[in-house]
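Student: Got a dimer to go through. Can we start with how the two chains meet?

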Number of protein chains: 2
Amino acid sequence: MSFTQMPCTQESPVNSNRRRRSIGAAALVATALAVSAASAQTSGIKISDFTLSNGLELVVIPDRRAPVVTHMIWYKVGSADETPGISGLAHFLEHLMFKGTAKHPTGEFSKVVATIGGQENAFTSNDYTGYYQRVPTEQLKTVMEFEADRMTGLQLTDAVVLPERNVILEEQNQRIGNNPRAKLGEQIDAALFLNHPYGRPVIGWRHEMEQLSRDDALAFYRRFYGPNGAVVVIAGDVEPEQTRKLAEETYGKIKRNDLIAPRKRPLEPPPIAPRSLTLADARVEQPFLQRAYLVPSFATAQRGESEALEVLAHILGSGSSSRLYRTLAVDKPVAVSAAAGYDSSALDISKFTVYGSPRPGVTLQQFESEADAVIAEVISKGVSADELERAKSRLIADAIYAQDNQATMARWYGAALMTGAGVQDVQRWPERIRAVTAAEVQDAARKWLDKRRSVTGFLIKDTSPQAEKRS
Amino acid sequence: MSFTQMPCTQESPVNSNRRRRSIGAAALVATALAVSAASAQTSGIKISDFTLSNGLELVVIPDRRAPVVTHMIWYKVGSADETPGISGLAHFLEHLMFKGTAKHPTGEFSKVVATIGGQENAFTSNDYTGYYQRVPTEQLKTVMEFEADRMTGLQLTDAVVLPERNVILEEQNQRIGNNPRAKLGEQIDAALFLNHPYGRPVIGWRHEMEQLSRDDALAFYRRFYGPNGAVVVIAGDVEPEQTRKLAEETYGKIKRNDLIAPRKRPLEPPPIAPRSLTLADARVEQPFLQRAYLVPSFATAQRGESEALEVLAHILGSGSSSRLYRTLAVDKPVAVSAAAGYDSSALDISKFTVYGSPRPGVTLQQFESEADAVIAEVISKGVSADELERAKSRLIADAIYAQDNQATMARWYGAALMTGAGVQDVQRWPERIRAVTAAEVQDAARKWLDKRRSVTGFLIKDTSPQAEKRS
């Protein structure tokens with residue numbers, strides 16, 4: 001929930017006037033609880049939360065600054081819910097959801113949104129799949145009708161499925177294949193999660209993506225899509241009751257899907273052996289290190305632990321006054337970058353990440369040992385009262401500043417609701433952050449920043465004669 | 001298929017007069033193709049291979065040295081066929097198969113075998129589950145009746161399932177929990193297989209074993225057990241046709257199980273980043289290194305590649321005249337042990353392993369770099385004609401010497417048939433080994449002993465104050 005941008009994020013901008021879909025939203029949505037909670041607290045926004053009789057949950061966030069509304073539908077299904085061997089399917093289905101229904105042929109929904117001057121986007125993560133539109137307020141019902149229609153009415157033929165498979169393969173190539181840091185992140189995740197499906201790339205393993213079929217997509221759609229597997233978040237110039245009525249008139253007509261079951265993924269065994277890996281790639285210009293530790297998410301943490309990890313990540317590695325940056329990049333200096341991040345937003349176990357690049361002439365091993373020394377110092381001596389206060393104030397302030405974007409607001413609630421948190425949890429986030437003590441931060445560092453819980457990835461330039469062929 | 005005993009094997013003796021079940025048969029059954037093939041060639045044994053109309057395959061290996069018969073039934077199901085999150089179930093079911101049917105209450109089968117002076121055992125691997133009895137020839141039909149009965153007639157109650165779960169938990173404790181090398185092997189497998197279920201321990205992840213239920217076991221049993229998922233191997237003083245008649249009279253009466261489908265597991269993505277891990281354990285007296293490379297099994301290899309890997313493993317690391325032992329333990333000497341092994345017997349991708357312990361005063365890193373130099377030399381300069389001939393002769397000779405054990409013979413055929421090979425493949429193994437050239441051995445080393453395909457595990461003594469608590 002730190003505002004630090006994690007490395008290797010595969011997120012693309014949310015507010016795009018082209019349909020630019022995004023994957024692996026971990027980094028951006030990590031701010032979910034933080035920002036919307038703060039805004040609720042500070043501006044006194046009253047969030048409404050309804051559940052229709054078919055199980056669909058509706059969250060309404062009033063935002064009257066302009067006559068626009070952001071409509072987001074979130075499905076409780078992500079790559080971690082895929083069947084082993086059929087990876088990439090959650091994201092592939094996200095693409096295919098634009099392929100039309102009996103009522104509305106391919107492209108019609110997007111065309112309508114464009115015609116009314118709206119924007120749309122879609123995204124897939126480990127834990128969820130979401131679709132959103134930002135439209136003039138009076139068009140909300142239109143959008144709801146379209147979304148309700150494609151919740152159960154999707155029609156797919158090989159003629160649309162197979163070309164779209166080439167699209168996601170090209171996306172994989174761009175996002176991962178041609179991006180050494182993303183490849184490193186993929187390898188780290190695969191080595192970090194020994195049993196949990198978070199080890200599987202959101203976009204999928206390429207050799208499995210190549211085999212994805214229409215039948216795979218339809219089976220997945222029928223198993224996971226339905227009102228009782230969805231949350232609709234609406235932020236904008238709307239009245240809660242009236243919005244609920246619109247939802248009843250559209251989504252309310254859809255039958256519950258009895259195939260949708262609570263999500264229960266395999267858990268990690270206790271991590272006992274620190275791991276490392278090295279990726280050599282000809283395109284690397286700057287060596288890079290990323291260490292990922294298995295830590296609790298908000299949903300899996302003991303009370304207060306996730307908040308302590310937020311504060312710890314901020315003190316350790318957010319911005320130029322953080323411990324890591326100050327020590328490694330300014331005081332010594334051995335690094336050109338050094339940072340840390342924590343993602344509280346996961347249905348299951350999550351990650352705490354430390355990363356950066358050494359200066360020319362400094363090895364990754366030296367960088368690592370300097371970073372380890374900074375971490376060791378926090379563990380042995382804790383953090384100062386001053387650091388603690390600055391971190392907490394900054395986390396809460398950042399959350400307030402960030403509320404200006406309606407889509408971001410909607411997205412934060414949605415992500416929280418997809419990953420085991422409730423509206424109340426989002427709203428109480430600032431008070432929980434305020435309550436974090438220096439002792440809790442030190443305890444979190446001692447307990448969770450244990451190398452046995454970690455994978456360290458080294459990204460280096462491949463200078464071998466075969467390098468070009470490989471990459 | 002080298003005769004080298006791999007480290008960390010979880011195999012227990014096959015011929016035991018107590019029911020001692022075994023797990024992770026990789027090491028011993030690795031010799032499957034080798035030995036029985038040689039025996040077939042050299043002693044002119046005629047193997048018979050039948051398939052009953054319900055799909056059950058029957059292999060009869062004549063062995064007239066004594067009036068005894070070894071009866072083995074192999075089911076095409078192992079830990080790699082388990083549902084993620086329910087690990088250990090194949091092995092748990094193996095235990096539960098002794099819990100009785102409507103016809104024969106718990107313990108009756110074992111008691112009958114003991115009364116007639118027989119022996120019995122059972123074993124589970126990644127790819128298969130097997131049960132065997134060695135009895136006087138005239139008792140063969142009795143044994144077949146019992147096995148046919150429990151193929152579909154197993155009855156389970158919580159009263160027998162829950163105590164047996166404690167038995168497998170204790171087994172996990174003994175085999176893995178209290179065995180640092182086995183723990184290292186478990187961690188290496190988990191880090192080596194990023195997508196394929198071979199990364200899952202055969203005995204299961206402990207936290208999942210603790211949840212295994214009667215319903216899990218019965219569902220697994222109903223899905224995987226049946227005549228069309230089984231191979232019966234009979235070695236002994238029997239006539240093929242008469243044996244087939246016995247099989248028809250017993251197994252032949254069982255209905256085909258339509259739930260049994262061809263096994264198709266998720267495949268590995270191309271390995272691109274060498275990995276390493278370190279396990280520290282207070283009980284380690286001698287530091288130990290194990291490197292595992294992903295390589296093809298017999299079933300997945302191009303023609304001749306698996307045989308070249310056999311020969312390579314022998315030259316590199318089998319016995320005191322191997323390259324690794326000679327260089328590291330005799331010439332330098334920096335090691336107390338150094339060896340290599342290859343397991344050709346896997347339905348999917350397999351492993352080539354290099355392992356050993358440095359002398360006191362030599363670090364694991366030095367040991368590793370010396371071992372790497374030995375491997376690099378084979379890659380750059382190949383192997384000598386003399387080495388090649390010695391390795392091939394020895395592999396074939398070992399196979400001949402090993403045929404004396406009837407159970408071993410039966411087991412080799414069974415393991416081969418469970419992992420994508422046929423009776424013919426077993427029989428032709430010696431000629432395929434004879435055909436391996438020095439260039440093929442060098443090519444195999446160059447192609448497959450690429451560090452990017454590997455995980456290196458370091459086992460060290462944990463000397464921290466918390467060490468005792470941890471282990």
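Tutor: Two residues count as in contact if their C-beta atoms, placed from the backbone, lie within 7 Å. This is a predicted model, where local features need pLDDT of at least 70, side-chain atom pairs count only at pLDDT 80 or more, and totals for chains, interfaces and linings use all residues. Residues are numbered from 1 along each chain as its sequence is written, and chains are lettered from A and ligands numbered from 1 in the order in which they are written.

Student: How many residues does the contact take from each chain?

Tutor: Chain A gives 23 residues and chain B gives 23 residues.

Student: Which elements of chain A give two or more?

Tutor: On the side that touches chain B, they are α7 (180–192), α8 (206–209) and β8 (275–281) of chain A. Helices (H or I, at least four residues) and strands (E, at least two) are DSSP runs, numbered from the N terminus. β8(A) has the largest share, five residues.

Student: What does β8(A) join in chain B?

Tutor: Three bridges link β8(A) to β8 (residues 275–281) of chain B, and the two run antiparallel; strands pair if DSSP finds at least two bridges between them. R275(A) is opposite L277(B) there.

Student: What rotation superposes chain A on chain B?

Tutor: One of 180°, with 0.0 Å of shift along its axis and an RMSD of 0.0 Å. That is how a two-fold axis relates copies. The fit is by least squares on the C-alpha atoms of residues with pLDDT of at least 70 in both.

Student: Switching to chain B: what do β2(B) and β3(B) form?

Tutor: A hairpin with five residues between the strands; G55(B) in the turn has a positive phi of about 100°. β2 (residues 48–51) and β3 (residues 57–62) of chain B pair antiparallel over four bridges, with S48(B) opposite V60(B).
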